[in-house]
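Got your viewer open and a selection box ready? Here is a walk through the model, one stop at a time.

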Amino acid sequence: MGPFLETLIGGLMTGMLYSLVALGFVLIYKASGVFNFAQGAMVLFAALAMARFAEWIPAWLHLEHKVLINLIAFLLAMGVMVALAWLVERLVLGKLVNQEGVALLMATLGITYFMDGFGQTVFGSDIYKIDVGLPKEPMFLFDDVFQGGILVNQEELSAALIAALLVALLAAFFQYTGTGRALRAVADDHQAAQSIGIPLGRIWVIVWSVAGFVALVAGIIWGSKLGVQFSLSQVALKALPVVILGGLTSVPGAIVGGLIIGVGEKLSEIYIGPFLGGGIEIWFAYALALLFLLVRPQGLFGEKIIDRV
Amino acid sequence: MAEPAVSASHSKPMGPSLTFPQWLLAHASKRPDAAAIREKQLGIWQTTSWSALSDLVLQLAAGLAARGLQRGDHLALIGDNRPRLYASMIAAQCLGAIPVPMYQDAVAAEMVYVFRDAAIRIAVVEDQEQTDKVLEIREHCPQLAAIIYDNERGLRNYQQSGVESLNALLQAGAAYEKAHPGKVRRSVDEGGFHDDCAMFYTSGTTGHPKGVVHTHASLILPSKTVSEQERLGPDDEVLAYLPMAWIGQNIFSYAQWLINGFTINMPESQDTVMIDMREVGPTYYFAPPRVLEALLTTVTIRMEDASPVKQKLFRYYMALAKRVGGRMLDGDPEVGLLERLQYQLGDLLIYGPLRNALGMSRIKLAFTAGEAIGPDLFAFYRSLGINLKQLYGSTETAVWVCVQADGHVRADTVGKPVPGVEVRIVNSGEILVRSPGLLREYYKNPQATAEVRDSEGWYRTGDAGYFDQEGQLRIIDRAKDVGQLANGALFAPKYIENKLKFFPYIKEAVAFGQGQSQVCCFINIDFEACGNWAERRNLPYAGYNDLAAKAEVYDLIQDCVQQVNADLVSDPKLADSQVSRFLILHKELDPDDDELTRTRKVRRGFIAQKYSVLVDAMFAGKDSQYVETQVKFEDGRSGMVSATLRIADAKRQPSLAKAA
Amino acid sequence: MLYRENGQFKTSYQADQQIFPIAQDRYAMVAIVAAACLLVPWIASEYVFRALLIPFLILSLAALGLNILVGYCGQISLGTGGFMAVGAYSAYNLLVRIDGMPAVLAILLGGVFAMIFGVLFGIPSLRIKGLYLAVATLAAQFFCDWAFLRIKWLTNDSASGSVSVPELMVFGWNVDTPIDKYLFCLAFVIVFALMAKNLVRGHTGREWMAIRDMDVAAAVIGIRPVYAKLSAFAVSSFIVGVAGALWGFVHLGSWEPAAFNITRSFDLLFMVIIGGLGSIMGSFFGAAFIVILPIVLDNLPNWFGIPIDTALASHLTFMIFGALIVFFLIAEPHGLARLWSIGKEKLRLWPFPH
Amino acid sequence: MTRRSIGEVILEVRNISLSFGGVKALTDISFDVREHEIRAIIGPNGAGKSSMLNCINGVYTPQKGSISFRGKTFDHMNSREVAEMGIARTFQNLALFKGMNVIDNIMSGRNLKMKTNIFQQAIRMGAAEREEQVHREAVERIIDFLEIQAWRKTPVARLPYGLQKRVDLGRALAMEPQVLLLDEPMAGMNLEEKQDMCRFVLDVNDEFGTTIVLIEHDMGVVMDISDRVVVLDYGKKIGDGTPDAVRSNPEVISAYLGTSH
């Protein structure tokens, strides 16, 4: 019973992080119809920026105070992400308006390559640490319920909490703020949105910045867990099935999908993996999503697509 | 098949006296599989070999015979250039019947006269449109027994008697051949060289059109001579794109086709002619000046939105070509080696590609005729290395009267008489022709025939002209328009006007001088050309008559006039008719004011009396004259415009004749 | 400018529908192929063969395959590396497990296995479109990565899936010198390119393009999306599989799964985009481009005497690739091939503008 | 000119209802089409005309109702089968294959008639080559019929709208259909183009005896060329009969007065 619950909770927590990245996808897809393959690269880029700034700032400003350093670094990194969002809109999306999805997807592939290259050129390509002081030592839950209780990694727990908080925030932002509604309007119909005077360009900058923010947070969390390195950009690949599962256009979908995948891959790794030689979680997530697609092409919460003739 | 050109002595060229059908059979037996006709149809060039063609023709002939077509009957051909219409033409000739090709754009009403006059028995037409037209006039043409259509689209449900498809006719032909084996071939053999073989209607300026009757001999003999002289042969390619009813088409892509056995290529449709020309790349080509004009215009227009670099290249090399191209074509030894090399480079960069774009890469020989051609226009094609030459002729002479010889090509002459053709000029200036190619008669119109041909067989062309020093013929005008100055010197207003109109700045010109001591003329500036010219000199102007009155414009025009004078003086006959005074009219000559015909020919007489004040003023030597004229506006209202027009003098060149 | 088309009239549909209807193009193509077969072997150095020509040929083949799927049928695929891997490993297994298995046959069968695999993963494309499909193909990629790493049987129980092939014997001809290898690949490329061209200009090709351009209209005129898409997946992954086998057998000789990882997939996709979607010619342009660029970038600084460490060079390469992709998608979505054909048109119309 | 004689009912639509997620596009539509006739479906924009065709084509599946063709009855159609049965159509907002030239677009309409397998095509000798040529000729006949010879090798995307409409028609004709569904073939055309299109439609109907179902929202054009007219409005059938009958039908008049046609 214990191990199962542990895996379950572990899965839920990783799932939360997946949701976080997935959210990045969904945000951008909703607002600009772009399937942003670069989300992963953004995570890496943000994390790199954060990590390196945190290293450099003491040298620049002769600061000691850890929180302060992290805070400044965070703000700087955020600034970088906003600048990035602006550039992306200026140089890429703005010029690809009304192109079909696949072309845009490929464009984001290009962006991915560029950012991977650029990030590593500017910030270097070693492994860097991020330490924002998340509690490390493990803790036990429910030891009174049954003996041994359940081992929970506090770091993951707090990460998951942050993620959950962020997700909640964004969902609210989408539902209740004017900008949020504008974003949705844009997503539904570009022309219409423009015609009622919603400035496409600015909306996209905003949404990419938000996505950048999400990426930064995700980057920090993953980074402080695994260390900031190139493989971070693969996180996106893990988050893809989540989006598919949840439906490209649905915030709740991203959340639920994330949890499902998170739990699913952990459990599968434990209970199926051994029979298949292990290491299956990466494709298992996809297989899951794929099977699901065949039943429901538009995903859990996605809207149905009707071709008009 | 091309024998060495016969010497230019005026001896009748000898040759087997075959009729057209006999020529066809000859080719069919000699080169059965060679291509006779290619037609761009269903996307590819469908080829008809000579043997296939002769089979088709014989079967068609049988079919026509089955439909009662007799020796001496007339058969109308109406439609675009289509292989089976050509075949029908030969088929009719097989039976000794006389094909009468007609313009496909003629309206039914115009057709009635011809149908009645020629007592058409059978009409072979291209498609539904033509069929409908003929059906429309059928009741007026009792002799019309059958209407046969080539393209069946939309016609399946036509139930009228005597209307049938060409395919049906072919079946009838097969049946007829069974019933009377060899009959058609026999009638081909019976066909005589001097039998009538075709009739072309010329729209006379006055009264009804006249049917010009030609025999095999008259169409074949001169055409054969020219073919030999110009070394046409079985391997030549011709694009058959001009109306069948026009004599030229029948010479270039019928008579000479059957004589030389080359291939004629028929465009897919009117709006693909350019594309098809590009594909075929004819080696022997005819185009009237208006067509060449249109081509040049498209070239200039398309070059205008080319990149600056290209435009520079183009201008540079066209200038070079203008200098040396034509001369090199004439084999002028003066052209320097350096320039030749430059020209070669130009050929790689511009001329070659241009010829290719125009579909003229393979042209060995090209003719133009019909109207006076602008020297620049003419020079353009020759400078590209295209051997474009002029010729002179008419329906009545089966085209060939004069042809320019290689190396002796001018824009304003039409060359020397074709061997076998005699040309004489009577002192009225009119050109008389005696030739094996002359019409036999005007159909059912002996008196008209007598008017144009005298007892010795001289045919009056109605054109005025003379031989220049080289012995090349120059056409100056219709004879009836040619007058004399007070001193008896030749005065050819239209000739002068044409020369003036070749300048882009001059839209219309009217020359006066009949019985006067000097020549004066009205000028109509070309508003657009002069306007641009003025803008380039940032010369402000307010509308047409303001521009027309500008001193600068007067200078511009004066310059043109003086160039014309310089040109005129070069030949003694016209030296005296140089323009000494001119004025620029304050309004455009306009058909609505009856100053021009609907076809934009100046009505000299009318203008003379309408503007008599101005004419008198010019001859009276005044420097300016006030004039009031009535004009019609677009909305039909009429009003008066008045102006005081300046009359300018133009420098006359000292006449060489007098100097001598 | 170089074209002289007067007199090149077509009197039969066969002549009108040939691959190069314009004589000048025909001559040019013949010249190129002749040069590749006869001239290149004499002049190229061993390095050029190993580093440039052989990779170029094999990747062109792979790009060609991918182009059929993405460019002609409009079905995006991010799993190309996986399909190559399937081709390579199955060919390997056939070769080592069945003795007397001819190499060429093994390679072709490798293609067949890739084909089966491809069709399998193509099935989702019947239900799902565009972006979703992209993810589906990614699944294929990751599955392969995993399978050839973890399932020992597939790699003949070699450690971490790294395998190496014995010498390559083709009908008694031992393909080992660079020239041999080059010619061996060249043969494959020529044959497959020709067949691919025939397919795309035949009615199968039209069905693919119909599905790509307007699937509803295609269905209405009786084209079965199932058949069209799956046939595209089949042909595409067959060619890709063969390319994979060649990549392993001829170019690498010994390899591990990483040789066919997702980066390979992306590279191929880039080749197709840069080279030209929906163009056979483009596949070659793209391959040439992607093969040459890194080498240039590595050497360029040295040529200018600026030493530059390889890491930086590779990062730069990444950036430039990325930038180029975006640039092409914006400026010329049909890639180098379109530029090429525009240039050709200009030459044909010279001196007139396009 | 004698018109072809109108035959038996060939296509019949019974009580078709179609809705998208609650939005009713068609409610209980029934009408029949007789062989060789020109049958018009008219109605204001958004009256559900195109949806009707999409049901017949099997693009949409109606929730209720059935369609029968030559006696066979289906409760939903499969595009492939529909095509095989000889029902072709054109599209309102051009659905040409933009990546192909005119020939290939029309050629693709003959895919059902092309039998060579993929291997033969890859080698492209003998059968495959011959097949291509045979069908190319058929396509050329259509090009000739529609008078678009001058553009046969132009990519369709570069053609002016009016010509694209012709190519669309050409692609449908290439299927040698028994029934031809035309979805607003004259929409957005100038008068001259409309006249041409009318001529082509009549010629098709006359030359090949093809039955034609014609959608238009603009009454004028259709009335003079069609034999019988169905009028839809907001997904309901409000009129059916000869042009004259329909013209005088009060419901129809009001429907049209309501709209800007």
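Helices here are DSSP runs of H or I with at least four residues, numbered from the N terminus. With that in hand, select C:Pro351, which sits in the segment after helix H15 (335–349) of chain C. Show the backbone there: the peptide bond from C:Trp350 to C:Pro351 is cis, with omega near 0 degrees. Keep in mind as you go that this is a predicted model, with an ipTM of 0.85 and a pTM of 0.87.

Stay on chain C and pick C:Asp157. Which loop holds this residue? The one between helix H7 (130–150) and strand E1 (163–164) of chain C. C:Asp157 is not a glycine, yet its phi is positive, about 60 degrees. Is C:Asp157 buried or exposed? Exposed: 7 other C-beta atoms lie within 10 Å.

Now jump to chain B for a similar stop, B:Ala119. Look in the loop between helix H4 (108–117) and strand E5 (120–125) of chain B. B:Ala119 also has a positive phi without being a glycine, near 50 degrees. This residue is partly exposed, with 14 other C-beta atoms within 10 Å.

Zoom out to see chain B as a whole. Its secondary structure adds up to 23 helices and 28 strands. The radius of gyration of chain B is 27 Å, close to the 26 Å from the globule rule for 660 residues, so chain B is as compact as a globular protein of that length. Turn it along its principal axes and the C-alpha trace spans about 85 × 60 × 50 Å. Buried residues make up 47% of the 660 residues in this chain. Of the chain B contacts with a separation of 6 or more, 65% join residues 24 or more positions apart.

Try colouring chain B by domain: domain 1 is 20–191, domain 2 is 284–478 and domain 3 is 482–659. The C-alpha centres of domain 1 and domain 3 of chain B are 51 Å apart.

Next, the partners. Five pairs of chains are in contact, and chains A and C share the most contacts. Chains A and B, on the other hand, do not touch, and their nearest C-alpha atoms are 26 Å apart. Where chain C meets chain B, select 17 residues from chain C and 24 residues from chain B. The chain C side of that contact has eight nonpolar, five polar and four charged residues.

Time to go inside. The largest nonpolar core holds 294 residues, and those touching the most other members are A:Val43, A:Ala47, A:Met50, C:Leu61 and C:Leu246. Highlight helix H8 (residues 200–226) of chain A, which gives the most to this core, with 17 residues. In chain D, domain 1 (1–86 + 177–261) and domain 2 (100–176) both give residues to this core, so it lies between them. Centre on C:Leu61 and, leaving out residues up to four places away in sequence, you'll find it touching C:Phe188, C:Val189, C:Phe192, C:Ile239, C:Val242, C:Ala243 and C:Leu246. Apart from this core lies another, of 193 residues, including B:Ile148, B:Leu239, B:Tyr381 and B:Tyr443.

Last stop: colour chain D by pLDDT. The chain averages 89, and 97% of the residues score at least 70. Among the elements of chain D, helix H3 (residues 102–108) has the highest mean, 97, and helix H10 (residues 250–258) the lowest, 76.

Methods. Residues numbered from 1 in each chain as written. Chains lettered and ligands numbered in written order. Predicted model: local features only at pLDDT ≥ 70, side-chain atom pairs only at ≥ 80, totals over all residues. Core = buried A, V, L, I, M, F, W, Y, C linked by C-beta atoms within 7 Å. Buried ≥ 20, exposed ≤ 12 C-beta atoms within 10 Å, placed from the backbone. Helix = DSSP H or I, 4+ residues; strand = E, 2+ residues; numbered from the N terminus. Domains from an automatic or database assignment. Contact = placed C-beta atoms within 7 Å. pLDDT = per-residue confidence, 0-100. Nonpolar A, V, L, I, M, F, W, Y, C, P; charged D, E, K, R; others polar. Rg over C-alpha atoms; globule rule 2.2 N^0.38 Å.
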